[in-house]
Amino acid sequence: MSDDFILDTDDIQRRMDGGMNALRSEFASLRTGRASGSMLEPVMVDAYGSMTPINQVGTVNVPEPRMVTINVWDKGLVGKVEKAIRESGLGINPQLNGTIIMLPIPELNEERRRELTKVAGTYAENARISVRNIRRDAMDQIKKAKADGMSEDDEKLWQDEVEEMIKAQIKLVDEALATKQEEIMQV
């Protein structure tokens, strides 16, 4: 008998928090017309034979609202960092000043803002899918415990608890999306 079945809700929450953190970092990479060092996080540079994040080959600063600078530590990598930024799809044109790469952040036009809100929506939908996959895994554990002899009352109790956790997480995803879309559309 499996009357002592306990669903690992901490693991479920940890997995959902991981998905939320991934969503936040994807949102941080979306340009909103304001300079942010986090917009360079997904950009990788071919340095010393391996792909390396930009913040590990230089210092990223935001000296003014529409400017990001990267002070590259190794002069030999300046060209590679510039190339990585150009090929990243961020739509930023790097300007060189010795070992410092300046990235002026252009104003976003209305069309680009709408595109970015769609991209944000895609990121949020991927996060919702991740949450639903976590729900499916939890429900499978509950069904297995039911097959091993768990009572119907306990089964219903665990299913309700999982549903509450999932609803709360999807609400967080939706709120984060609404905030990001509002931020993007702000002129």
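**A four-stranded sheet and its helices**

In this predicted model, asparagine 71 stands opposite isoleucine 100 in β6. This pair is a good place to start a tour of the sheet. Strands β4 and β6 run antiparallel and are joined by five bridges. As general background, the strands of a sheet pair through backbone hydrogen bonds, in either a parallel or an antiparallel manner. Here, four strands in the order β3-β4-β6-β5 make up an open sheet with antiparallel pairing. Strands β3 (58-64) and β5 stand at the edges with a single partner strand each, so one side of each has no neighbour in the sheet. On average, neighbouring strands are turned by 25° against each other, direction ignored.

Helix α2 packs on this sheet, where it touches β4, β5 and β6, and its direction makes about 15° with that of β6. Within α2 (residues 78-86), the buried residues are Val78, Val81, Glu82, Ala84 and Ile85. Viewed down the axis of α2, these buried residues fall within an arc of 160°, so they line one face of the helix. Their packing partners are β1 (44-47), β4 (67-72), β5 (95-97) and β6 (100-104).

A further contact brings two helices together. Helix α1 (residues 9-28) packs with helix α4 (residues 152-185) at an angle of about 10°, and their axes lie 11 Å apart. The angle is under 35 degrees, and α1 and α4 are therefore roughly parallel to each other. The contact involves 13 nonpolar, three polar and three charged residues. Among them are Ile12, Met16 and Phe27 in α1, along with Trp158, Leu172 and Lys180 in α4.

Terms used: Residues are numbered from 1 along each chain as its sequence is written. This is a predicted model: local features need pLDDT of at least 70, side-chain atom pairs count only at pLDDT 80 or more; totals for chains, interfaces and linings use all residues. Side-chain values use heavy atoms; hydrogens and water are left out. Buried means under 20% relative accessible area, exposed over 50%, partly exposed in between (1.4 Å probe, protein chains only). The arc is that of the directions from the helix axis to the C-beta atoms. Contact means heavy atoms within 4.5 Å. Axes are lines fitted to C-alpha atoms, for helices over the stretch in contact, and angles run from 0 to 180 degrees between N-to-C directions. Angles under 35 degrees count as roughly parallel, over 145 as roughly antiparallel, 65 to 115 as roughly perpendicular and the rest as oblique. Ala, Val, Leu, Ile, Met, Phe, Trp, Tyr, Cys and Pro count as nonpolar, Asp, Glu, Lys and Arg as charged, and the others, Gly among them, as polar. Two strands pair if DSSP finds at least two bridges between them.
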